[in-house]
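Work through the exercises below with the sequence and the model at hand. Each task is followed by a solution in steps.

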Amino acid sequence: MGDVLLAGVWGLVAGAALLVGALVGFAVRVPQKVIAGVMAFGAGVLISAVSFELVGDAYEEAGLAPAAVGTLVGALAYTGGNVWLARRGARHRKRSGYRRAQAQPSEGEQGGSGMALALGALLDGVPESAVIGVSLLDGGAVSLVTVAAVFISNVPEGLSSAAGMKKAGRGRGYVFGVWGAIAAASMVSAVLGYAVIGAFSPAVIAGVTAVAAGAILAMIADTMIPEAFDDAHLAVGLITVSGFLVSFALSHL
């Protein structure tokens, strides 16, 4: 029971970063270049964590084929869900709304887009949180690198998306209701990642880890890097590499 609660606590900690970012994005007008830079840094951090903490562990535990297949399955599942949600108004859910062509739609512009945005946030957050719980299965200690990577990446996600929601005319109750619910879902996902996945064999655990890795990589490429590139432009590569190296260094301490 102690480890289950621990998984929930770490999942909540990582998910709470979305609320922190949303609070800043809703209350303060943050310069677009700052949002883009932090988003690029968070993308680099996540890419490193996925490479060395998730896909690397899956490969060591189950071999190349399960790791590769699991990663592809995760990417396919995320992409399928993302395409479905994009058609319902959630295509630019991580956008700050600075460019009108990439702004989130209001409920008047596209009915049901509010629910689609909430489901999109859930789609983005569940794989990240689940692997936090799964990481506890390896020796009873959470992967602090994974938690740090998710936390760091969640701040700009919440910041940019909340700013976009505000520009689309959504109120404080909706914005913080969505991110509060996602923070709670992060806690539940981490608990399920530990309690449910832990009942399976190491090979299955490795496969699930790879699936989560594929979903996270697809999310980075589809939602985080485009937002970062729009305003960071030529600096996005350097900032992303910096985030990658920070996460890499943490994983080798």
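In what follows, Ala, Val, Leu, Ile, Met, Phe, Trp, Tyr, Cys and Pro count as nonpolar, Asp, Glu, Lys and Arg as charged, and the others, Gly among them, as polar. The model is predicted, so local features need pLDDT of at least 70 and side-chain atom pairs pLDDT 80 or more, whereas totals for chains, interfaces and linings use all residues. Residues are numbered from 1 along each chain as its sequence is written, and side-chain values use heavy atoms, with hydrogens and water left out.

**Exercise 1.** Describe the largest cavity and its lining by class.

Solution. Start with the term: on a 1 Å grid over the protein atoms alone, a cavity is a set of points where a 1.4 Å probe fits but cannot get out, and lining residues have an atom within 4 Å of a point. Grid points are joined across faces, edges and corners, and a volume is the space filled by probe spheres set on the points. Searching the whole structure gives three cavities of 30 Å³ or more. The largest has a volume of about 80 Å³. It is lined by 13 residues, and those closest to its centre are Lys-94, Ala-121, Asp-124, Glu-157 and Trp-179. Two elements, helix H4 (113-135) and helix H5 (144-167), give two or more residues to this lining; helices (H or I, at least four residues) are DSSP runs, numbered from the N terminus. H4 supplies the largest share, five residues. Sorted by class, the lining holds five nonpolar, three polar and five charged residues.

**Exercise 2.** Place Leu-192, Pro-105, Leu-144 and Leu-136 in turn, and state whether each is buried, partly exposed or exposed.

Solution. The cut-offs of relative accessible area are under 20% for buried and over 50% for exposed, with partly exposed in between (1.4 Å probe, protein chains only).

- Leu-192 is in helix H6; it is partly exposed because its relative accessible area is 46%.
- Pro-105 sits in the loop between helix H3 (64-90) and H4, and counts as buried because its relative accessible area is 14%.
- Leu-144 belongs to helix H5 and is exposed, since its relative accessibility is 53%.
- Leu-136 lies in the loop between H4 and H5; with 1% relative accessibility, Leu-136 is therefore buried.

**Exercise 3.** How far apart in space, C-alpha to C-alpha, are Leu-144 and Asp-3?

Solution. Along the sequence, Leu-144 and Asp-3 are 141 residues apart. In space their C-alpha atoms are 15 Å apart. For another pair, Pro-105 and Leu-54, the values are 51 residues and 35 Å. For Leu-136 and Val-178, they are 42 residues and 27 Å.

Note on methods. On a 1 Å grid over the protein atoms alone, a cavity is a set of points where a 1.4 Å probe fits but cannot get out, and a pocket is an open set with protein on both sides within 12 Å along at least five of seven lines; lining residues have an atom within 4 Å of a point.
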